[in-house]
Amino acid sequence: MADEPDKWKRYGTMSVRNYHPAWAYLETAREYLEAGRTLHLHPLPKQNLEWLIEDVPESWKFYELKFPLLYCLAHASELLLKAFLMAHGKGPDTPGWRKHSIAPLLQTSIELGLVITDKTRRFMDDLASENDDFTYRFGERTTPIFFPPTKDALQAVDELDRSIFPSVEPFIGTKGSGSL
């Protein structure tokens, strides 16, 4: 097995995140959120458009990568909830933690004082129902798949980020303790 420092030197990637776990979850969640936002803002051009006439709406010339985009938003939501829970002294023994299950993480967070709008709560409930069987991760399913409007999805996860931030903010800049 390769020596860890040698491997890092070889590939030029060495990242030490000795953050408090609440902060680490927040930072990682925001990376996934920005990845989702980037996928939304930069849709892929459709190939072989010769058959299209010139007056086709611009939106028909591109398509969003729905599965990767919604996977990023679902994962960001899970990590944001875990950041909130860590800030409140909870950890891997919290229901749903190890199974990446958004619904119980959200419920526990609300019980601990997380406040979100009804619209965001409904979106999170819908997202949770799709995420529980990893639909957005693997795309395997024989029943209809929920694809929310992307702007609504981004707004909901942005609101979740804003709502958890006051609880996590005191841990920003603090050293880690415990495990992720």
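**Exercise 1. Determine whether S77 is buried or exposed, and identify the residues it contacts beyond its sequence neighbours.**

Solution. In this predicted model, S77 has a relative accessible area of 0%. Buried means under 20% relative accessible area, so S77 is buried. The next step is to place the residue: S77 belongs to helix α3. Its neighbours within four places in sequence are then set aside, and the contacts of S77 that remain are I102, M124, L127, V157 and L160.

**Exercise 2. Describe how α3 and α4 pack, giving the angle, the distance between the axes and the hand of the crossing.**

Solution. Begin with the geometry. The axes of α3 and α4 lie 10 Å apart, and the packing angle is about 35°. The crossing of α3 past α4 is left-handed. Next, list the residues that make the contact. From α3 these are A74, S77, E78, L81, K82, F84 and L85, while α4 contributes I102, L105, L106, T108 and S109. S77, treated in the previous exercise, is thus one of the α3 residues in this contact, and I102 of α4 is among the residues that S77 touches.

**Exercise 3. State how many aromatic pairs there are, and classify the pair formed by Y19 and W23.**

Solution. A pair of aromatic rings is described by the distance of the centres and the angle of the planes. Rings pair if their centres lie within 6.5 Å, and by this rule there are four aromatic pairs. One of them joins Y19 and W23, with 3.8 Å centre to centre and 20° between the planes. Planes under 30 degrees apart count as stacked, so the pair of Y19 and W23 is stacked. As to accessibility, Y19 is partly exposed at 24%, whereas W23 is buried at 15%.

**Exercise 4. Classify the pair formed by Y25 and W97, and state which parts of the chain it ties together.**

Solution. The ring centres of Y25 and W97 are 5.7 Å apart and the planes stand at 85°. Since planes over 60 degrees apart count as edge-to-face, the pair of Y25 and W97 is edge-to-face. Now locate the partners. Y25 lies in helix α2 (residues 21–41), and W97 in the loop between α3 (66–87) and α4 (102–111); the pair therefore ties together parts that are 72 residues apart in sequence. Y25 is buried, with a relative accessible area of 9%, and W97 is buried too, at 5%.

**Exercise 5. Explain what is notable about the phi of H100, and say where H100 lies.**

Solution. Most residues other than glycine have a negative phi. In H100, which is not glycine, phi is positive, near 55°. H100 is located in the loop between α3 and α4. With a relative accessibility of 31%, H100 is partly exposed.

**Exercise 6. Summarise the protein chain and state where confidence is lowest and highest.**

Solution. First, count the elements: the protein chain has seven helices and two strands. Read from the N terminus, their order is α-α-β-β-α-α-α-α-α. Of the 180 residues, 36% count as buried. Among contacts with a separation of 6 or more, 71% involve residues 24 or more positions apart. The chain exposes about 10,800 Å², of which carbon and sulfur atoms supply 55%.

Finally, consider confidence. The average pLDDT is 84, and 78% of the residues score at least 70. Confidence is lowest in helix α1 (residues 4–11), with a mean of 64, and highest in α4, at 97. Where pLDDT is low, the predicted coordinates should not be read in detail.

Methods. Residues numbered from 1 in each chain as written. Predicted model: local features only at pLDDT ≥ 70, side-chain atom pairs only at ≥ 80, totals over all residues. Heavy atoms only, no water. Phe/Tyr/Trp six-rings, centres within 6.5 Å; stacked < 30°, edge-to-face > 60°. Buried < 20%, exposed > 50% of the residue type's maximum accessible area, 1.4 Å probe, protein only. Helix = DSSP H or I, 4+ residues; strand = E, 2+ residues; numbered from the N terminus. Contact = heavy atoms within 4.5 Å. Areas by Shrake-Rupley, 256 points an atom, 1.4 Å probe, with all protein chains shown as cover. pLDDT = per-residue confidence, 0-100. Axes fitted to C-alpha atoms, helices over the stretch in contact; angles between N-to-C directions. Left-handed = near helix turned anticlockwise from the far one by under 90°.
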